[in-house]
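This report takes up two topics: how one helix is packed, and what lines the pockets.

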Amino acid sequence: MAIHPELHQSPGGPLLSPIYAYTTQETAGEVTLLHCHDAAQLFHVVRGSLAIDTERGTFFVPPERAVWIPPRFAHETRYLTQSEVRYLYIRRDAAAQLPQEPRILQMTLLLRELILAYMSYPRAETAGGAAARLGAVILDQLDLLPAQGLELPMPAEGRLRQLCEAIARDPGTVPQLPEAAAACALSVRSFERRVQGETGLSYRSWCRQAKLFRALELLASGARVSDVADHLGYEGPSAFVATFRKAFGVTPGRYFNPLPRS
């Protein structure tokens with residue numbers, strides 16, 4: 001099913017339909033600086049990968065996943081590789097019953113085909129009729145999809161956030177717990193409580209998540225498994241693959257090809 005040519009052009013003006021669609025190719029390294037929309041957004045990454053930075057943390061979106069951004073939620077988008085993305089802008093009233101926090105969603109074949117079918121219509125025909133009925137089913141499906149753990153939560157407190165941002169940039173060299181606590185002028189016990197309270201994870205779990213998150217970015221950019229394992233300080237490729245499989249349920253190769261292409 002072909003996407004209507006009009007949907008290759010960026011939407012402009014008020015949303016006359018509950019869902020406004022748009023598709024584009026983004027180049028590797030492209031950055032959309034911090035901004036927000038009155039409407040909610042769904043980014044469906046068909047090919048490629050991107051990362052979305054928010055005040056709450058960073059979300060990584062590999063192929064055949066989507067990221068949900070609620071209305072008026074500030075975010076910055078980094079396209080890690082050449083990416084094909086289908087965007088749905090969802091009017092704020094239509095998104096009222098949908099999540100009010102960003103989240104990563106695993107795309108289903110059903111939702112993928114519903115979006116493709118919806119995008120075969122010109123925008124003027126989406127306010128009613130068959131396209132509007134498709135849009136209503138899309139909203140129902142979005143409400144049912146479970147979130148995936150592809151977020152690296154960031155603390156808000158100044159010194160702790162600085163520490164976590166430094167680790168996220170280079171998780172191959174993670175400070176030991178006493179060193180990390182000292183950098184934040186906290187006792188080890190207070191530091192552990194603070195990290196848990198602000199991120200929902202222990203320090204050790206947060207650092208492990210930071211490593212896996214960086215691994216996803218490196219793999220998405222084409223890095224070899226052996227190079228990623230070495231860069232992030234794993235004992236070897238097999239140790240990295242085992243950790244990756246435990247976290248995501250599949251090997252790195254399978255992770256980036258979850259759905260058949262069409």
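Contact here means heavy atoms within 4.5 Å. The model is predicted.

**Helix H1**

Helix H1 spans residues 109–118 and is mostly covered. Seven of its ten residues are buried. They are Leu111, Arg112, Leu114, Ile115, Leu116, Ala117 and Tyr118. What do the buried residues of H1 pack against? Three strands and one helix take part: E1 (19–26), E3 (40–47), E8 (83–90) and H2 (129–144).

**Pockets**

The table sets out the two pockets by volume and lining class.

| Pocket | Volume | Nonpolar | Polar | Charged |
|---|---|---|---|---|
| Largest | about 380 Å³ | five residues | three residues | seven residues |
| Second largest | about 250 Å³ | five residues | two residues | three residues |

The largest pocket is lined by 15 residues. Nearest its centre lie Asp53, Thr58, Arg78, Ala168 and Arg169. Which elements each supply at least two residues of this lining? Strands E4 (50–54) and E5 (57–61) do, and so do helices H3 (158–169) and H6 (203–220). Seven residues of the lining are charged.

H6 also appears at the second largest pocket, where H6 gives the most to the lining, with five residues. The lining of the second largest pocket includes Tyr203, Arg204, Cys207, Arg208 and Lys211. Gly172, Val174, Pro175, Gln176 and Leu177 are also among the lining residues. By class, five residues of this lining are nonpolar and three are charged.

Technical notes. Residues are numbered from 1 along each chain as its sequence is written. This is a predicted model: local features need pLDDT of at least 70, side-chain atom pairs count only at pLDDT 80 or more; totals for chains, interfaces and linings use all residues. Side-chain values use heavy atoms; hydrogens and water are left out. Buried means under 20% relative accessible area, exposed over 50%, partly exposed in between (1.4 Å probe, protein chains only). Helices (H or I, at least four residues) and strands (E, at least two) are DSSP runs, numbered from the N terminus. On a 1 Å grid over the protein atoms alone, a cavity is a set of points where a 1.4 Å probe fits but cannot get out, and a pocket is an open set with protein on both sides within 12 Å along at least five of seven lines; lining residues have an atom within 4 Å of a point. Grid points are joined across faces, edges and corners, and a volume is the space filled by probe spheres set on the points. Ala, Val, Leu, Ile, Met, Phe, Trp, Tyr, Cys and Pro count as nonpolar, Asp, Glu, Lys and Arg as charged, and the others, Gly among them, as polar.
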